[in-house]
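The following exercises ask the reader to examine a protein chain step by step. Each task is followed by a worked solution.

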Amino acid sequence: KNDGYKLKTFFEDKNYKKIAIYGMGDKLKTFFEDKNYKKIAIYGMGELANRLLEELDDSDIDVKYGIDKNVCSAFAEIDIIGLDECERFDDVDCIVVTPVHVYEKIKKELEIKSNAEICSVDDVLSSM
């Protein structure tokens, strides 16, 4: 019963974030510019990541690629690199993690492979 509640909360929260990002292109751009992040990567290439990608499409923020553990099930209009396919992810200023329910675990994995700033999509949304 408790796991079902957590799962329901996760999906409700995920849908809220998708809606919260919609139409926020200028504010998202400002978030990254204020922190001097010109090149970013997005971890977790599901619907939320694709919404973020769409919102940044007309900005000067260069989304270099996506990162995902399950490249076969990920989808996007950018290159997607498997987490285990690359030694280092140092060609970006920031990696935005979209699966916030496992953010701390993913952050630890990425810190081993990158000197880039790592933030969750929650960090981005809460700054607006």
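**Exercise 1. Determine which residues of helix α4 are buried and on which side of the helix they lie.**

Step 1. Helix α4 covers residues 103–113, and its buried residues are Y103, I106, L110 and K113. Buried means under 20% relative accessible area, exposed over 50%, and partly exposed in between (1.4 Å probe, protein chains only). Helices (H or I, at least four residues) and strands (E, at least two) are DSSP runs, numbered from the N terminus.

Step 2. Because the four buried residues cover an arc of only 85° around the axis, they lie on the same side of α4. The arc is that of the directions from the helix axis to the C-beta atoms. An α-helix has 3.6 residues a turn, so residues three or four places apart point the same way.

Step 3. K105, K108 and I112 are exposed on the other side of α4.

Step 4. The buried residues of α4 pack against β1 (39–43), β2 (62–68), β4 (94–97), β5 (117–120) and α5 (121–126). Contact here means heavy atoms within 4.5 Å.

The model is predicted: local features need pLDDT of at least 70, side-chain atom pairs count only at pLDDT 80 or more, and totals for chains, interfaces and linings use all residues. Residues are numbered from 1 along each chain as its sequence is written, and side-chain values use heavy atoms, with hydrogens and water left out.

**Exercise 2. Describe the secondary structure of the chain and the share of its residues that is buried.**

Step 1. The chain has 5 helices and 5 strands. Along the sequence, they follow the pattern α-α-β-α-β-β-β-α-β-α.

Step 2. Of the 128 residues in the chain, 42% are buried.

Step 3. Among contacts between residues at least 6 apart in sequence, 64% join residues at least 24 apart.

**Exercise 3. Characterise the aromatic pairs that involve F32.**

Step 1. Rings of Phe, Tyr and Trp (its six-membered ring) pair if their centres lie within 6.5 Å; planes under 30 degrees apart count as stacked, over 60 as edge-to-face and the rest as tilted. By this rule there are 3 aromatic pairs.

Step 2. F31 and F32 form an edge-to-face pair, with 5.1 Å centre to centre and 85° between the planes. F32 and Y37 form a tilted pair, with 6.5 Å centre to centre and 50° between the planes.

Step 3. F31, F32 and Y37 thus belong to one aromatic cluster. F31 and F32 are both buried, and Y37 is buried as well.

**Exercise 4. State which residues of the largest nonpolar core touch the most other members, and which element gives the largest share.**

Step 1. A nonpolar core is a set of buried Ala, Val, Leu, Ile, Met, Phe, Trp, Tyr and Cys residues joined through side-chain atoms within 4.5 Å.

Step 2. The largest core has 23 residues, of which F32, I40, L56 and V96 touch the most other members. Two or more residues each come from α2, β1, α3, β4 and α5. The largest share, 5 residues, comes from α3.

Step 3. Leaving aside residues up to four places away in sequence, F32 touches Y37, I40, L56, I61, C94, V96 and V124. Another core lies apart from the largest one; it has 14 residues, among them A41, I67, V97 and Y103.

**Exercise 5. Examine helix α3 and the surroundings of N50.**

Step 1. Helix α3 (residues 47–56) is mostly covered, with 7 of its 10 residues buried. These are L48, A49, N50, L52, L53, E55 and L56.

Step 2. N50 counts as buried because its relative accessible area is 12%.

Step 3. The side chain of N50 reaches the backbone oxygen of G46 at 2.8 Å. This is a polar contact (a pair of N or O atoms within 3.5 Å; within protein, one must be able to donate a hydrogen and the other to accept it, and residues adjacent in sequence count only if both atoms are side-chain atoms).

Step 4. Apart from neighbours within four places in sequence, N50 is in contact with M45, F75, A76 and E77.

**Exercise 6. Locate D93 and identify what its side chain reaches.**

Step 1. D93 is in the loop between β3 (80–82) and β4. D93 counts as partly exposed because its relative accessibility is 27%.

Step 2. The side chain of D93 reaches the backbone nitrogen of K38 at 2.8 Å.

Step 3. D93 and K39 are 54 residues apart in sequence and 5.5 Å apart in space, C-alpha to C-alpha.
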